[in-house]
Amino acid sequence: MLREITILGGRKKNGEPEAVQEVTVQVGQVYSIVGFTGSGKSQLINDIEQIAQRDSISRRQILLDGEPPLDNALHRYEQNLVAHLSQNMNFILDMKVKEFLIMHAGCRGFREPGKKAEEVIECANTFAGEAIKPEENLTRLSGGQSRSLMIADVAINGDSPVVLIDEVENAGIHRLKAMETLAAQQKIVLVVTHDPLLALLGEKRIIMGNGGMQAVLALTQQEVTVRGRLEKMAGVLQGLQDQLRQGESVSLEFQP
C-alpha cells in the first residue's frame, strides 16, 4: 500500500528553478493547491497523475514512498494510482445508478456488490444537494449529483491511494463533507481550489505562481479559527440556497 508521494521541484515557466524543491504528502492528509489562473495548478496535478519523471514541461519528478517508481511499481499502480475528479466530469453510460455501482463493485472483487452499491449511494447523499435514487439513470444526474457519486465511489469502492480534486466548489455539493470522507478513507488528497474554505481545509497549502511551487504553508491556529467562521457562513449560505431551491421566499428578517 502506498504510504506517501513526494514531489521534487522542477522549473518555472521562465526556466528558473522552483522555489520549493520537495513536498511530501502522506495518506490521510489533505493538501490544497492555490494560485491565480495560469499559475500552474493544473500542470502540478497532471505531473502527479502521470507520475512525471523529469519528462514533463515542468521537469518535476514524482516519488512513490520516497523512491523513483520502478517498472514493477509502475505496473502495480499504473491502473489505479490516481483518481482524478473535476467539475466537468459527467457519466455517459446509459445505466441505472445502482446497476452501475454493483457492476463496478463486482469488478473490484467485492463479495457483496449490492451492499457496496447501497453504501456508496448513502455516502453520496450526505453531500449531494438532491438525493440520488438507486433506480435513476446515470445520464439524468445533475452535475452535483454526478460529482457526489464519483467521490463516494472513489472513497468506498476505489483502491486509488491518491485522489486529485480539481475545483469542485462550483459543483453544487457539500464540499467539506466530501473532503472529510476521502481523508477518513486514508487517501492522499490534493485539492485545486479558489475557495478560501477549501484552501483552509488542508493541513498545508501549496502556493503556485509563474508555473512553479512558490511556497508551502502550514495551517495556523488563527486560520483554524477563521475556517470555523467560514464554515458557519457556508452553513448560512447553504440554508439560504436550500430555502430558495424549495420555492420559499426570503424576508427582511433573514439574518446572515
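Biologist: Let's start in strand S4. Which residue there is the bridge partner of Thr6?

Modeller: This is a predicted model, by the way. Thr6 belongs to S1, which spans residues 4-8, and S1 pairs with S4, residues 61-64, in the antiparallel sense over 4 bridges. One such pairing puts Ile5 opposite Leu64. For Thr6, the bridge partner in S4 is Leu63.

Biologist: And on the S2 side, which residue does Glu4 stand opposite?

Modeller: S1 also pairs with S2, residues 22-26, again in the antiparallel sense. That pairing runs over 5 bridges. Within S2, the residue opposite Glu4 is Gln26.

Biologist: OK, so in what order do the strands of this open sheet come?

Modeller: Strands of a sheet pair through backbone hydrogen bonds, either parallel or antiparallel. Here 3 strands form the sheet, and their pairing is antiparallel. S1 has bridges to S2 and also to S4. That gives the order S2-S1-S4.

Biologist: Which strands are left with one side lacking a neighbour in the sheet?

Modeller: Think about who sits at the edges of the order S2-S1-S4. A strand at the edge has a single partner strand, so one of its sides has no neighbour in the sheet. By the way, neighbouring strands here are turned by 20° against each other on average, ignoring direction. The edge strands are S2 and S4.

Biologist: How many residues of S1 are buried?

Modeller: Buried means under 20% relative accessible area. On one side of S1, Glu4, Thr6 and Leu8 are all buried, and on the other side so are Ile5 and Ile7. Both faces are covered, then, and the count is 5 of 5.

Biologist: Let's move to the loops. Which residue between H1 and S4 has a positive phi without being glycine?

Modeller: Most residues other than glycine have a negative phi, and most peptide bonds are trans. In the loop between helix H1 (41-49) and S4, one residue has a phi near 65°. With 42% relative accessibility, this residue counts as partly exposed. It is Arg59.

Biologist: What is the relative accessible area of Asn210?

Modeller: Asn210 is in the loop between strand S8 (204-209) and strand S9 (212-218). Its phi is positive too, near 55°. Asn210 counts as partly exposed because its relative accessible area is 35%.

Biologist: Now the helices. Is H3 oblique or roughly parallel to H4?

Modeller: The axes of H3 (residues 97-107) and H4 (residues 113-124) come within 8 Å and cross at roughly 120°. Only angles under 35 degrees count as roughly parallel. The crossing angle therefore makes H3, relative to H4, oblique.

Biologist: How many charged residues are there in the contact of H3 with H4?

Modeller: The crossing itself is right-handed. Residues in this contact include Leu101 and Ile102 from H3, and Lys116 and Glu118 from H4. By class, the contact has 8 nonpolar and 2 polar residues, and the number of charged ones is 3.

Biologist: Last one: is the crossing of H5 and H6 left-handed or right-handed?

Modeller: H5 (residues 143-156) and H6 (residues 175-184) pack at about 15°, with their axes 9 Å apart. That angle makes H5 roughly parallel to H6. Ile151, Val154 and Ala155 of H5 make the contact with Ala178, Thr181 and Leu182 of H6. As for handedness, the crossing is left-handed.

Definitions and conventions
Residues numbered from 1 in each chain as written. Predicted model: local features only at pLDDT ≥ 70, side-chain atom pairs only at ≥ 80, totals over all residues. Heavy atoms only, no water. Axes fitted to C-alpha atoms, helices over the stretch in contact; angles between N-to-C directions. Helix = DSSP H or I, 4+ residues; strand = E, 2+ residues; numbered from the N terminus. Parallel < 35°, antiparallel > 145°, perpendicular 65-115°, else oblique. Left-handed = near helix turned anticlockwise from the far one by under 90°. Contact = heavy atoms within 4.5 Å. Nonpolar A, V, L, I, M, F, W, Y, C, P; charged D, E, K, R; others polar. Buried < 20%, exposed > 50% of the residue type's maximum accessible area, 1.4 Å probe, protein only. Pairing = 2+ DSSP bridges.
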